[in-house]
Amino acid sequence: MARPKKEGLDYFPLDVHIFEDEKIEAISGEFGIKGELMVIKLLCAVYEKGYFVVWDELTKAKLLRRLPGTSKDLLEQVVNRLVTWGFFDESLYNSAKVLTSKTIQATFSEATKRRKTQKIYDYWINDDNNEQGRGVNADINPQSKVKESKVNKTKQQKQEKEKSSFDIHNFFQANICPENPTTVESLEKWVKDLGVDIVKKAIEVSAKRNMTNYAYVEGVLRNFVKKNLTTLEAIESAEQAFEKQKANSSQSKKGNGRKEELPNWFDKPEVLPPLQTEPEQKESPEETARKVAEMKKKLKEARA
């Protein structure tokens, strides 16, 4: 089976004089060494995808995670300066929030000239590099139409997956709270394990209960896994069963709502009359002396 076509680069050439470029010097002058590092990280993000990257919330979150101590506002300022100064193409940034340039595309074209040429270029602005062969390089084995179809299908599925992943992040921020790099990474893992629909359902459940924090969303997801609710049908069936049980329980309580009449003595202990005792009679001294003598006699016999 043919391997899916690689889109990005594992490494890219970096001009040794890049930091002497007037645009980078301007970045360095305004933002210091942190600005220079952001430029390199941005280039890595672009070439990792190919020759462009969409400047969306997901890309920002990933870059912030790779740039500890950098604020979102600072990152936005650096990108805006790079666009204004022509490091990235301004028209594509304004129209589609895409970061690319003719220089980036020329570098990508040179690095991939031995690959089988793609016929359609998204956001391709470097017309001078379109001559990089419509045929197949002699060192590359030709692919059959069937295999090419499979590769295109794989690419389409990957693009749909990325779109769904992007949609879930927007949905989370619209219904729960703003994301941070940790939240982004965790949501990606849940989407990979359970799928977009299940994660979206967990967000809906949390929002419905006014629990606007990620910990609750993750708790709902863990509960789904614990109860083996891995499809929307299973979750909806469980919800219906719960609501039915809840309704039956409520009706049962209403039906048995008769308050049992307790006897008067339940909370008022019965007061018993005082014990009747025989009237006390006084002993004569003689009778007392007699009883004492009898007791002494018994004690003496017991010791013998």
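The axes of helix α1 (residues 22-31) and helix α2 (residues 33-49) cross at roughly 135° and come within 6 Å of each other. That angle makes α1 oblique to α2. The description belongs to a predicted model. From α1, the residues in the contact are I24, I27, S28 and F31. From α2, they are I33, K34, G35, E36 and V39. By class, this contact has five nonpolar, two polar and two charged residues. Two packed helices are described by the angle between their axes and the distance between the axes.

**Overall make-up**

The protein has 304 residues, and 28% of them count as buried. Its secondary structure comes to twelve helices and two strands. Read from the N terminus, the order of elements is α-α-β-α-α-α-β-α-α-α-α-α-α-α. The accessible surface comes to about 22,100 Å². Carbon and sulfur atoms hold 52% of that surface. Contacts that span the sequence can be counted too. Among contacts between residues at least 6 apart in sequence, 61% join residues at least 24 apart.

**The largest core**

Which residues have the most contacts inside the largest nonpolar core? They are L42, L43, W55, L82, F88 and L99, in a core of 34 residues. Several elements build it. At least two residues each come from α1, α2, α3 (57-66), α4 (72-84), β2 (98-99) and α6. Helix α2 gives the most, with eight residues. So α2 does two things here: α2 meets α1 in an oblique crossing, and α2 is the top contributor to this core.

W55 is worth a look within this core. Leaving aside neighbours within four places in sequence, W55 is in contact with L42, K60, L63, L75, E76, V79, Y93, K97 and L99. Two of these partners, L42 and L99, are themselves listed with W55 as having the most contacts inside the core. Apart from this core lies another, of 19 residues. Among the residues of that other core are I168, F172, V199 and V217.

**Helix α6**

Helix α6 covers residues 102-111. Its buried residues are I104, Q105, T107, F108 and S109. What covers them includes α2. Helix α6 also supplies at least two residues of the largest core. An α-helix has 3.6 residues a turn, so residues three or four places apart point the same way.

**Helices α8 and α9**

A second helix pair can be set beside the opening one. The axes of α8 and helix α9 (residues 196-208) come within 7 Å and cross at roughly 125°. That makes α8 oblique to α9. On the α8 side, L187, W190, V191 and L194 make the contact. On the α9 side, V196, I198 and V199 do so. What classes do the residues of the contact of α8 with α9 divide into? Seven are nonpolar, none polar and none charged. V199 of α9 is in this contact, and V199 is also one of the residues of the core of 19.

**Single residues**

S186 lies in helix α8, which runs over residues 181-194. Is S186 buried or exposed? S186 is buried, because its relative accessible area is 15% and the cut-off for buried is under 20%. Not counting residues up to four places away in sequence, S186 touches Y214 and E218.

G219 is found in helix α10 (residues 214-226). G219 and S206 are 13 residues apart in sequence. Their C-alpha atoms are 9.4 Å apart in space.

Two residues other than glycine have a positive phi. K97 has phi near 55°, and N228 has phi near 60°. Both sit in loops. K97 lies in the loop between α5 (90-96) and β2. N228 lies in the loop between α10 and α11 (232-255). K97 is also among the contacts of W55.

The table sets out accessibility for four residues.

| Residue | Relative accessibility | Class |
|---|---|---|
| S186 | 15% | buried |
| G219 | 36% | partly exposed |
| K97 | 40% | partly exposed |
| N228 | 58% | exposed |

Conventions. Residues numbered from 1 in each chain as written. Predicted model: local features only at pLDDT ≥ 70, side-chain atom pairs only at ≥ 80, totals over all residues. Heavy atoms only, no water. Axes fitted to C-alpha atoms, helices over the stretch in contact; angles between N-to-C directions. Helix = DSSP H or I, 4+ residues; strand = E, 2+ residues; numbered from the N terminus. Parallel < 35°, antiparallel > 145°, perpendicular 65-115°, else oblique. Contact = heavy atoms within 4.5 Å. Nonpolar A, V, L, I, M, F, W, Y, C, P; charged D, E, K, R; others polar. Buried < 20%, exposed > 50% of the residue type's maximum accessible area, 1.4 Å probe, protein only. Areas by Shrake-Rupley, 256 points an atom, 1.4 Å probe, with all protein chains shown as cover. Core = buried A, V, L, I, M, F, W, Y, C linked by side-chain atoms within 4.5 Å.
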